[in-house]
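Me: I should like to work through this model by question and answer, with each answer reasoned from the structure itself. Please begin once the structure is shown.

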Amino acid sequence: MKHVYFPLLFALNIMTAQNPTLTSKLEVYDLTTDNRETIYLEEGHFEAPNWSLDGKFLIVNSEGKLYKIEPGVPGKHLIPTGFADRCNNDHGISPDGKTLVISNNDVLDKPEHKKNSGTSRIYTLPINGGTPQLITPNYPSYWHGWSPDGETLAYVAERGGQFNIYTIPVQGGAETQLTHSPGLDDGPDYSPDGKYIYYNSFASGRMEIWRMLADGSAAKQLTDDPYSNWFPHPSPDGRYVVYIAYLQDQGEQHPPMKEVALRLLDLTDMSSKVLCTFTGGQGTINVPSWSPDGKQFAFVSYEQN
């Protein structure tokens, strides 16, 4: 596949209405050169890049809406999502590149339901925007992975006071619970062959990276270190997993604006190394963000002004 390249910083938008004291930077890390490059920044807050399958644009969320960022085109451009205007940072793109999946903090009909208060549900819609179709009536549900065959969505959901990993057919239907551990499980993402689901879990008493078969069996812990490890994303060739590591233990939390590292797990020998460190955490790499050729991945870092 053609190498995906984004030119050096092509836009600077001032969005003081969002957060005048914060700068968000969309960065790309290149595994072929071991260099990171800022391709877009603005004063304000955005999160969680997805890379399109044709390599032509990235999708981020900001202030409840989704935006497209294209190289050489100034600014970020709204993707219409209809009534779903409280999108959180758990969104992504289907394996065929035609469909967008979002998690929206719905306004429901009970007094205790407020914005961002655990009412997230999963929807799908056309990649360029449209009317969302509800997939998970139950809430809260936060999308994280799409099976390579396009048939199944993987997500984290709270049911009965416990967060576990579930799957559901992409057209909706009955959900299947895959994990049953007492601690938080989160961030499920499929291997490119569909055999495994990678995820982070507190089952060992620390937040570590795990892997299980796609049916939820044969769970295995892959990391064991002093850090809080979150959001594993397998590379398109299946060799690597990139994930974010908090340098100080955060328990079961993944807060923003902390000192973090991006680490690369080599599945051929299970070795892990630090790629770069910066201020980030929540919003940095919550969802799949590899370039389609597997040579780069995108992430968001932050600076307090």
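Me: How many bridges join strand S2 to strand S3?
Reply: This is a predicted model, and what follows should be read in that light. Strand S2 covers residues 22–30 and strand S3 covers residues 35–43, and the two run antiparallel. Within this pairing, Leu26 stands opposite Tyr40 of S3. The number of bridges that join S2 to S3 is eight.

Me: Which residue in the turn between S2 and S3 has a positive phi?
Reply: S2 and S3 form a hairpin, with four residues between the strands. In that turn, phi is positive at about 60° in one named residue, Asp34.

Me: Which residue of S23 stands opposite Arg263?
Reply: S22 and S23 pair in the antiparallel sense, over nine bridges. S22 spans residues 258–266, and S23 spans residues 271–280. Across this pairing, Arg263 faces Val274.

Me: What is the phi of Met270, in the turn of the S22 and S23 hairpin?
Reply: The hairpin of S22 and S23 has four residues between its strands. Met270 lies in the loop between them and is partly exposed, because its relative accessible area is 35%. Although Met270 is not a glycine, its phi is positive, at about 65°.

Me: Where is Met257 found, and is it buried, partly exposed or exposed?
Reply: Phi of Met257 is near 60°, a positive value in a residue other than glycine. Met257 is found in the loop between strand S21 (240–246) and strand S22. Its relative accessible area is 27%, and buried requires a value under 20% while exposed requires one over 50%. Met257 therefore counts as partly exposed.

Me: What is the omega of the peptide bond from Tyr139 to Pro140?
Reply: Pro140 is placed in the loop between strand S11 (133–134) and strand S12 (141–146). The peptide bond leading into Pro140 from Tyr139 is cis, with omega near -5°.

Me: Is His91 buried or exposed?
Reply: His91 is in the loop between S7 and S8. The cut-off for a buried residue is under 20% relative accessible area. At 0%, His91 therefore counts as buried.

Me: With which side chains does the side chain of His91 make polar contacts?
Reply: His91 touches a number of residues beyond four places away in sequence, including Glu47, Ile59, Leu66, Val101, Trp143 and Val287. Asn50 and Asn61 are also among the residues touched. The side chain of His91 makes a polar contact at 2.9 Å with that of Asn61, and another at 2.5 Å with that of Asn50.

Me: How many aromatic pairs are counted, and what is the geometry of the pair formed by Phe83 and Tyr123?
Reply: The count comes to 10 aromatic pairs. Phe83 and Tyr123 form one with 5.6 Å from centre to centre and 70° between the planes. An angle over 60 degrees defines the edge-to-face class, so the pair of Phe83 and Tyr123 is edge-to-face.

Me: How many residues apart are Phe83 and Tyr123, and which of the two is buried?
Reply: The pair links distant parts of the chain, 40 residues apart: Phe83 is in the loop between strand S7 (77–79) and strand S8 (92–93), and Tyr123 is in strand S10 (residues 120–126). Phe83, at 48% relative accessibility, counts as partly exposed. With a relative accessible area of 4%, the buried partner is Tyr123.

Me: What is the geometry of the aromatic pair of Trp230 and Phe231?
Reply: Both Trp230 and Phe231 are buried. Their ring centres lie 5.3 Å apart, with 55° between the planes. The pair is tilted.

Me: Which residues do ring pairs link into a cluster?
Reply: Ring pairs link five named residues, one of them a tryptophan. The cluster consists of Tyr29, Phe278, Trp290, Phe297 and Phe299.

Me: Over which rings do Lys68 and Arg211 lie?
Reply: Lys68 lies over a ring face at 4.4 Å from the centre, and that ring belongs to Phe57. The charged end of Arg211 sits 4.1 Å from the centre of the ring of Tyr196.

Me: How many disulfides does the structure hold?
Reply: Cys87 is buried, because its relative accessible area is 5%. Cys276, at 7% relative accessibility, also counts as buried. A disulfide requires two cysteine sulfur atoms within 2.5 Å, and the number of disulfides is zero.

Notes. Residues are numbered from 1 along each chain as its sequence is written. This is a predicted model: local features need pLDDT of at least 70, side-chain atom pairs count only at pLDDT 80 or more; totals for chains, interfaces and linings use all residues. Side-chain values use heavy atoms; hydrogens and water are left out. Buried means under 20% relative accessible area, exposed over 50%, partly exposed in between (1.4 Å probe, protein chains only). Rings of Phe, Tyr and Trp (its six-membered ring) pair if their centres lie within 6.5 Å; planes under 30 degrees apart count as stacked, over 60 as edge-to-face and the rest as tilted. A charge sits over a ring if NZ of Lys or CZ of Arg is within 6 Å of the ring centre and within 35 degrees of the ring normal. Two strands pair if DSSP finds at least two bridges between them. A polar contact is a pair of N or O atoms within 3.5 Å; within protein, one must be able to donate a hydrogen and the other to accept it, and residues adjacent in sequence count only if both atoms are side-chain atoms. Contact means heavy atoms within 4.5 Å.
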